[in-house]
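Colleague: I have just opened this entry, and I would like to understand how its labels are earned. Could you take me through the reasoning behind them?

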Amino acid sequence: MRKKLFSRGKKAFSALLLSSILPLGAGAEEAFEMKYEVSLDTVGHYIDVDLRYIRPAAAGAEGDTVRLCMPVWAPGYYLILDYPKNMVDFRAEDPQGRPLVWEKEGKSTWRILPAGADTLCIRYRVFALERSVAESRVACGSAFLAPGGVFLYPEGKKDHPVEVTFVLPGNWQSVSTGLAPAGAGSAPAQGNRRTFTAPDFDVLYDSPVLMGNQEIVRFRHEGKDYELAMESPDGWEETSLVDDLKRMMSAATDLMGHVPYDRYCYLLLCAGGGGLEHLNSQASYTQGNFRFPDRAEYLRFLSFVTHEYFHLYNVKAIRPIELGPFDYAREVFTPMLWVSEGFTVYYESQLLRRAGLVSGDYVLSELSSFIRTVESREGHRHMSLRQSSYDIWLNFFNRNPNGAETRISYYDKGPILGLLMDIAIRHASGGAKSLDDVMRLLYRRYYQEAGRGFTEEEFWSVCREVAGRPLSLMRRYVETTDEIDYDRCLVPAGLWLDRSTWTLRRLPEADGEALKMRRQLLGD
Ligand SMILES: [Zn+2]
């Protein structure tokens with residue numbers, strides 16, 4: 001469910017005018033405003049944050065206390081990052097510059113006593129020198145902002161609109177983000193200032209920002225607007241990246257039957273590792289240029305970008321019920337990341353194949369590599385797929401040397417279950433249905449109609465509904481460490497597993513039904 005964007009006129013400071021614009025249910029009688037201004041210290045690597053906060057009318061004994069909070073993690077990145085550790089020089093003042101009393105409450109909350117002031121002026125600095133998709137980085141030529149670690153939200157009011165103005169240093173030209181530019185009255189681009197709005201803090205935190213002189217390619221495709229922002233663009237013109245992204249996105253639209261945004265922004269960052277999905281954007285590190293040594297390397301990059309793109313369906317829209325609205329103050333546990341991540345990995349090669357960019361052999365080779373990783377390590381006898389999801393908060397960067405012997409990753413076993421469930425559903429329904437139908441039904445029923453995530457039982461119930469019978473064996477492979485009977489699972493698709501090299505191969509003698517399913521899965 002997409003919330004309506006909030007945009008405010010230039011002089012909407014009066015309580016009367018503001019209250020007439022605020023959405024219902026968001027404290028319509030309250031004067032309330034949060035406006036951020038962000039500037040950068042590119043030498044010291046700091047983000048300077050200036051917040052003007054017109055607080056709601058005081059109410060009761062607690063009315064004269066304001067609590068501002070900073071998230072400790074970022075959705076999609078299942079690790080406690082403790083963003084507040086980067087904050088220094090916190091100050092709270094009234095509009096006349098008189099200091100207000102404040103103190104910390106726990107690690108991520110600032111409790112302020114406004115002493116009767118309706119407007120609070122909050123200033124702080126955020127140190128930013130991490131090359132991570134979930135953390136901020138300010139350097140002399142560009143800056144990447146992971147918003148969860150930059151902006152404070154007022155406790156109990158993160159569903160309120162917020163406005164952010166970025167002040168660009170010196171000769172910097174551009175701000176790339178999925179955020180919406182402020183309305184016409186607010187002059188979104190003025191000199192070196194760029195203003196954006198978010199309808200609530202969930203959207204703000206889900207909209208990373210790249211600033212600097214990045215190369216920007218804008219294009220339109222099937223009625224939607226796209227921005228490709230490249231921090232290290234060297235060589236991109238010699239690739240077929242834009243055309244290939246268009247083909248990949250068309251394949252995703254064909255699969256899902258709907259596009260949940262008007263504009264999508266690819267933030268392709270400098271040399272680094274990792275990518276993170278967002279509401280209508282993605283932040284993905286690159287190899288530092290677009291000069292790929294061979295087609296395999298290019299496809300690896302394209303597959304990686306495809307993964308983050310498909311997440312806008314699978315995890316942003318089709319999501320386990322625990323994943324939103326988020327509690328940013330602590331871990332959010334779910335046993336279903338094998339669907340959100342594993343199926344997204346499964347659809348990487350499926351989308352590229354359906355887009356005509358790779359062959360069926362590529363699909364088999366990718367899936368074989370996951371089987372090899374899982375089956376050749378002892379960990380699959382100690383941890384179920386379901387458990388690997390639930391315990392990710394302990395294991396995201398757990399480098400204990402016994403990892404391979406005791407754990408598995410849902411990035412490896414998840415796509416295997418994607419394949420096996422796809423085959424099982426196709427087989428059970430006589431070729432009438434597939435995993436695609438599960439994705440579409442989850443999308444329609446829970447995201448579009450109910451506006452929420454699904455429970456674990458609802459997920460299996462949708463699978464049963466699509467397949468026409470329960471997928472009990474699949475559920476056992478998800479919830480236990482029982483060995484997978486590959487021969488039994490693969491035969492209906494005319495495939496077999498060569499255990500000497502853990503490689504998926506085509507069965508030479510497949511019957512008509514199996515050949516048909518194999519054609520659907522591999523395109524051959
Ligand atoms: Zn992912």
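Colleague: Where is Gly97 placed, and why is Gly97 called exposed?

Modeller: Gly97 sits in the loop that runs between β4 (87–93) and β5 (101–105). This is a predicted model, and the label comes from a count of neighbours. The limit for exposed is 12 or fewer other C-beta atoms within 10 Å. Gly97 has 7 of them, so Gly97 is exposed. As for its surroundings, the C-alpha atoms of Gly97 and Leu120 are separated by 9.7 Å, while their positions lie 23 residues apart along the chain.

Colleague: What makes the backbone of Ala115 worth a note, and is Ala115 buried or exposed?

Modeller: Its phi is near 55°, which is a positive value in a residue other than glycine. You will find Ala115 in the loop between β6 (109–113) and β7 (119–127). Set against the limit of 12 or fewer, its 11 other C-beta atoms within 10 Å make Ala115 exposed.

Colleague: What is the phi of Glu222, and why is Glu222 called exposed?

Modeller: Glu222 has a positive phi of about 50°, although it is not a glycine. Its place is the loop between β17 (215–221) and β18 (224–230). With 9 other C-beta atoms within 10 Å, Glu222 stays inside the limit of 12 or fewer and is therefore exposed.

Colleague: Why is Pro260 given the label partly exposed?

Modeller: That label covers counts between the two limits, 12 or fewer for exposed and 20 or more for buried. Pro260 has 16 other C-beta atoms within 10 Å, so Pro260 is partly exposed. This proline belongs to the loop between α3 (241–256) and β19 (263–271). The C-alpha atoms of Pro260 and Asn280 are 8.3 Å apart, with the two residues 20 apart along the chain.

Colleague: And what makes His382 partly exposed?

Modeller: The reasoning runs the same way: with 14 C-beta neighbours inside 10 Å, His382 falls between the limits and so counts as partly exposed. His382 lies in the loop between α6 (360–375) and α7 (385–390). Leaving aside neighbours within four places in sequence, His382 is in contact with Thr406 and Thr481. Asn398 is 16 residues from His382 in sequence and 16 Å from it in space, C-alpha to C-alpha.

Colleague: Which peptide bond is cis, with omega near -5°?

Modeller: The bond from Gly324 to Pro325 is the one. Pro325 is found in the loop between α4 (295–310) and α5.

Colleague: Let us turn to the helices. Why are α5 and α10 called roughly perpendicular?

Modeller: The axes of α5 (residues 337–354) and α10 (residues 410–428) cross at roughly 75° and come within 7 Å. Angles from 65 to 115 degrees count as roughly perpendicular, so α5 and α10 earn that description. Among the residues that meet are Trp338, Gly342 and Tyr346 in α5 and Tyr411, Pro415 and Leu417 in α10. The residues of this contact divide into 10 nonpolar, three polar and two charged.

Colleague: How do you know that α10 and α13 are roughly antiparallel?

Modeller: The angle decides again. α10 packs with α13 (residues 472–479) at about 170°, with the axes 10 Å apart. Angles over 145 degrees count as roughly antiparallel, and therefore α10 and α13 do. Leu417, Leu420, Met421 and Ala424 in α10 meet Met474, Tyr477 and Val478 in α13. By class, that contact has seven nonpolar, no polar and no charged residues.

Colleague: Leu417 has come up with both helices. What does Leu417 touch?

Modeller: Not counting residues up to four places away in sequence, Leu417 touches Trp338, Gly342, Leu385, Met474, Tyr477 and Val478. Leu417 is also listed with Ile47 and Leu420 as having the most contacts inside the largest nonpolar core, which has 141 residues.

Colleague: Finally, how is the chain divided into domains, and how many residues of domain 1 are in contact with domain 3?

Modeller: There are domain 1 (15–212), domain 2 (214–312) and domain 3 (315–524). In domain 1, 11 residues are in contact with 10 residues of domain 3. The domain 1 side of that contact has eight nonpolar, two polar and one charged residues. The centres of domain 1 and domain 3, taken over C-alpha atoms, are separated by 39 Å.

Note on methods. Residues numbered from 1 in each chain as written. Predicted model: local features only at pLDDT ≥ 70, side-chain atom pairs only at ≥ 80, totals over all residues. Axes fitted to C-alpha atoms, helices over the stretch in contact; angles between N-to-C directions. Helix = DSSP H or I, 4+ residues; strand = E, 2+ residues; numbered from the N terminus. Parallel < 35°, antiparallel > 145°, perpendicular 65-115°, else oblique. Contact = placed C-beta atoms within 7 Å. Nonpolar A, V, L, I, M, F, W, Y, C, P; charged D, E, K, R; others polar. Domains from an automatic or database assignment. Core = buried A, V, L, I, M, F, W, Y, C linked by C-beta atoms within 7 Å.
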